[in-house]
Amino acid sequence: MIGRPGHGRLLRWYPTSWRDRYGEELLALMQDELGDETPSARYRRAIARAGLRERVHATGLVGQGANAATRLRSGSLLILSTWTLFVIAGVGFQKTSEHFARAVPLAARPSSQNAFDTVVLFAVISLVAVLIGVAATLPSTITFLRLGGWRQVRRHVLRSVIASALVVATVVPLSLWAHHLNELQRNGGDDGYSWAVAAWALFVAFALASWTTTAIAFATRLTLSRAVLHIEGSMAMVVTASMAAITCATAFWWDTLATHASWFLQGSSIGRSSTSVSSTMVGVVSIMSIAVLCSIAGVVRIMGSWRQCSTTPPQSVTGGSLGS
Amino acid sequence: MTPPTDSSGLRRANDPPVLILTSLAGGAKHGHALLKDIESFAGVRLGAGALYGAITRLEERGLIEALASSDRRRPYQITSAGTRALESVMADMRDLAEVGATRLKLSWGAS
């Protein structure tokens, strides 16, 4: 790119596809407007705002500028991203609910167990829906890789593999440590172990986020047929419905435990806790609710572009990509 | 973008796409020439980011098109769809202006 280096740096606010199309023109305009002057802070802010607006626009998540297929794909990818966030909250719920049946009085056990079983059932349904979505893109993925697409996604895949290796490498010593602890120590009684589990949970969250980014990097570069896009959209809506059901069941489970065994939520002995407010459950349900709301936005995007959608080239060519 | 205001604080019409289409209705122009022209006829100083954001949307909708150029300063021209869109906007503005002028009893208002 020709122009002052400072001007070129400002273009980084824009997505790659936009820079490829308009970058030189915008640099020429900056040159005409500013000459050899350094851009003022106000000028930089205005360019940054415009660049970020283009990035949001390029995702296909807002506005009607992107074609219907890109909008449908973006809605599905938004739901995939929020599902990852949801899974992280789900891990928190799974940890909190360990051995809950022992703490609940017999009379309240069926309702809490039903709520828990509902969570498990819809978690399986959402996982199956995600796997169907991934399987539907496999032929396009193989074609993409055969045509030399590996170079474009190599960085994402390697980062995800390293993150996963980190999770596997740390879970072994953590499991060995856990075998030397009793139940009370494993559930918050041992500070060192609790911190180690928290660190491991961060590794897991990073690995999940990394694989999601990798999936988005692939998905935005694939050429998908109308049928495949509709499968992706359908599975995304199934995932959203499952997440909504899980959130309701989790809230119901929390309410049952808060009513009949509030001490369990606090990790205290029977009768020792006077509050049913658990910071973990507040966090879990809040994250789940945010994820469901974002997914509903994705569903609206999918449904709005469902009929107009047809086969299109990869999103990275027509409208930029999430990862650019 | 610096929107001009009068003493009452009311803003003039300054929608970047309309300003760009109005400017291109007078002939093809590149970015810097567009900014200068818009400033001269509307008193609106668009920023580079706002200008290219509007150019991107207008080109996506087929209302303007880029002309071939060996220079980095690529000129744009209005398309027939752009002309029709601008005519529609102008008709709306004229209707609004006529209603306002009639109610204010301005002499240049409704015939």
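**Figure 1. The largest nonpolar core of this predicted model has 46 residues.** If you want to find its busiest spots, go to A:Trp253, A:Leu257 and A:Phe264, which have the most contacts inside the core. Quite a few helices of chain A chip in with two or more residues: α4 (68-96), α5 (100-103), α6 (109-136), α7 (138-179), α9 (191-219), α10 (226-260), α11 (262-266) and α12 (279-305). The largest share, eleven residues, comes from α10(A). As general background, nonpolar side chains tend to be buried together in soluble globular proteins.

**Figure 2. Here is a close-up of A:Leu257 and the residues in contact with it.** Neighbours within four places in sequence are left aside here. What remains is a set of contacts with A:Phe100, A:Val104, A:Ser112, A:Ser262, A:Phe264 and A:Leu265. A:Leu257 and A:Phe264 also turn up together among the residues with the most contacts inside the largest core.

**Figure 3. Chain A is built from 13 helices and zero strands.** Follow the chain from the N terminus and the elements read α-α-α-α-α-α-α-α-α-α-α-α-α. Of the 324 residues in chain A, 41% are buried. Take the contacts in chain A with a separation of 6 or more, and 78% of them join residues 24 or more positions apart.

**Figure 4. Chain A meets chain B through 21 residues on the chain A side and 19 on the chain B side.** Putting the two chains together buries about 1,700 Å², with carbon and sulfur atoms giving 50% of that area. There are five salt bridges between the chains. One to zoom in on is the salt bridge between the side chains of A:Glu54 and B:Arg57, at 2.8 Å from N to O. Polar contacts across the interface come to twelve residue pairs, with both residues at pLDDT 80 or more. On the side of chain A that touches chain B, α2 (16-34) and α3 (41-58) each supply at least two residues. The biggest giver on that side is α2(A), with twelve residues.

**Figure 5. This view turns to the confidence scores, starting with chain B, which averages a pLDDT of 85.** In chain B, 85% of the residues score at least 70. Be wary of residues 4-11 of chain B, where the pLDDT is below 50. Beyond near neighbours in sequence, that stretch has nine contacts in the model. For the model as a whole, the scores are ipTM 0.81 and pTM 0.66.

Definitions and conventions. Residues numbered from 1 in each chain as written. Chains lettered and ligands numbered in written order. Heavy atoms only, no water. Core = buried A, V, L, I, M, F, W, Y, C linked by side-chain atoms within 4.5 Å. Buried < 20%, exposed > 50% of the residue type's maximum accessible area, 1.4 Å probe, protein only. Helix = DSSP H or I, 4+ residues; strand = E, 2+ residues; numbered from the N terminus. Contact = heavy atoms within 4.5 Å. pLDDT = per-residue confidence, 0-100. Buried area = accessible area lost by both parts, 1.4 Å probe. Salt bridge = Lys/Arg side-chain N within 4 Å of Asp/Glu carboxyl O. Polar contact = N/O pair within 3.5 Å; in protein donor to acceptor, adjacent residues only side chain to side chain.
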